[in-house]
Amino acid sequence: MSLRLYNTLTRQKELFQPIDPRNVRMYVCGPTVYDFAHIGNARPVIVFDVLFRLLREIYGAEHVTYVRNITDVDDKINARAAERYPELAPEVGIRKLTEETAAQFHADIAALGVLPPTVEPRATEHIVEMVVLCNQLVANGHAYVAADHVLFDVSSMADYGRLSNRSLEEMEAGARVEVAPYKKGPMDFVLWKPSKPGEPAWPSPAGIAAPGRPGWHIECSAMAGKHLGDVFDIHGGGIDLAFPHHENEIAQSRCAHGTDVMARVWMHNGFLQVEGEKMSKSLGNFITINELLGTGTFGASQWHGRVVRFAMLGTHYRQPIDWTVDRLVQARATLFDFSFLHGSPVADAPHPDVIAALSDDLNTPSAISIIHGLAKSAHRNTETAAVLKATLQFMGLYKNETQDELNPGHEARTVDGSKVEPLIVARLAARKAKDFKESDRIRDELAAMGVTLKDTKNKDTGEIETTWEIAR
RNA sequence: GGCCACGUGGCGGAGUGGUGACGCAGCGGACUGCAAAUCCGCGUACCCCGGUUCAAUUCCGGGCGUGGCCUCCA
């Protein structure tokens, strides 16, 4: 099985060859924990969860290390904590906010069928590593100290801009931001900055007396380096992070460690729109995972996590995706169709064709197409049904839910089975007597109770047997 | 202004230099007393204009449209 992945660094699909097949290493930028995660945040989490699962399948679960960080030091966090917990000391309020937000994030993505990563490091637990990086970069001439800041000197790096495919001249020409006076070059970026009173502060690197805090990009370099080494296999994130965040991560890590690359393969998922528009708070179409799962505010319905996941994976990860109610409706309908697998046995392994489809740069739509093919024969063939179920489970798309469970908030009428059974018996008797008027009346009566009937002919006895379920 | 994606049938969405995936919806049929479920069948879609080619939706150029980055937004 050969895995091919699109590498942003080379702009083509490449055969994936891990540095060490006994320890395949992947890093994905996780959330900055200051607010509910939104549906755009969910995309990379889901997409790289699929890749994680695929790598585990190919190389063995114990041979994959997946690091997804939590960034818990950031200007937005400070601002939000002060706003929400004005009565608390800043560090207490910040801690409270980041803990709560991280817990919410975990609950949200667990509902989306996302496996926990191997390591989930927090930025605030890696300050020492960040300070070390800063010192290394100053020592080897890639960074300098100015006005109590540590700044990365982009002119010191020959191929800065390689990932996002832009030259320094282009960037400077296009720059629209006022350049801080202490910067040597306009594109130089902050590795470390002094803390204002009330802001989190740590002892600064590079002989700076004033306490300070890290810049935006350094935390990922520090955490990736600590948990995955100077060079690792895959780095993922949203396409909007390619510049400047990933570009700067690369600059810091490579210049500190003296390597040609930071990660061998860089993967970026496409952007997400909502109902054809950019998602933004001002447009009022900003939608969090939590709202989708629990509130019924999007499309006047609550959506099961697997429905959200299925809807997300219906589009290839690099394509733009338009998040619409209709998409969720269709995803839910498909999952309803698969719920005939409820209670059926599970095979040990997913279907190889699905692994093959995913191995072609995570072609989830193609994988789903193969799944539909399996579903066709699974209606008659219990072995195929078991493989289908294993395949769906492998992709995190189905875990033995009933239709009711897949339809949260849709107050399923509780139906008293003991009342249904006698009516079914009576209807069968009426049918046998060819009293179809009576049998239809009973079916209507059951329908009014919210019960849908299915008649099947028993292959062995030739008898008609009736099963029932609660109507959708 | 610079850089970069995307534009496929009513909808969603793969893919390919030449036999038009797949799903939803729709239509027809089988089965059924009727339903439901299931099964079978049905769609000459590739933004526009040029170019390359025996052949382009697929390659190249231009245009139009949508979106992203260059503003610590995944």
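These are my notebook entries on a predicted model of a protein with an RNA strand.

**Ground rules.** I number residues from 1 along each chain as its sequence is written, and chains are lettered from A and ligands numbered from 1 in the order in which they are written. Local features need pLDDT of at least 70, side-chain atom pairs count only at pLDDT 80 or more, totals for chains, interfaces and linings use all residues, and side-chain values use heavy atoms, with hydrogens and water left out.

**Entry 1: the RNA.** I looked up who sits around RNA strand B, where near means a heavy atom within 4 Å. There are 52 such residues, and Lys76, Trp216, Leu241, Asp440 and Arg443 come nearest. On the RNA side, sugar and phosphate make up 59% of the strand B atoms that come within 4 Å of the protein. I then sorted the nearby residues by class (nonpolar: Ala, Val, Leu, Ile, Met, Phe, Trp, Tyr, Cys and Pro; charged: Asp, Glu, Lys and Arg; polar: the others, Gly among them). The surface near strand B has eleven nonpolar, 22 polar and 19 charged residues.

**Entry 2: three atom pairs.** Which parts of RNA strand B do polar side-chain atoms of Thr315, Asp326 and Arg431 approach? Thr315 lies 3.1 Å from a phosphate oxygen, Asp326 lies 3.1 Å from a sugar or linking oxygen, and Arg431 lies 3.2 Å from a base nitrogen.

**Entry 3: helix α2.** I took helices as DSSP runs of H or I with at least four residues and strands as E runs of at least two, numbered from the N terminus. Helix α2 covers residues 75-84, and its buried residues (under 20% relative accessible area, 1.4 Å probe, protein chains only) are Ile77, Asn78, Arg80 and Ala81. Their cover includes α3 (90-111) and β8 (212-214). At the start of α2, I found a side-chain oxygen of Asp74 within 2.6 Å of the backbone nitrogen of Lys76.

**Entry 4: cavities.** I searched a 1 Å grid over the protein atoms alone for points where a 1.4 Å probe fits but cannot get out; lining residues have an atom within 4 Å of a point. I joined points across faces, edges and corners, and a volume is the space filled by probe spheres set on them. Two cavities of 30 Å³ or more turned up. The largest holds about 80 Å³. Its lining has 16 residues, with Leu9, Arg162, Leu163, Ile250 and Arg254 closest to the centre. Helix α7 gives the largest share, four residues. The second largest cavity holds about 30 Å³, and its lining includes Arg43, Met312 and Thr315. I had already met Thr315 beside a phosphate oxygen of strand B.

Terms used
A polar contact is a pair of N or O atoms within 3.5 Å; within protein, one must be able to donate a hydrogen and the other to accept it, and residues adjacent in sequence count only if both atoms are side-chain atoms. Buried means under 20% relative accessible area, exposed over 50%, partly exposed in between (1.4 Å probe, protein chains only). Contact means heavy atoms within 4.5 Å. On a 1 Å grid over the protein atoms alone, a cavity is a set of points where a 1.4 Å probe fits but cannot get out, and a pocket is an open set with protein on both sides within 12 Å along at least five of seven lines; lining residues have an atom within 4 Å of a point.
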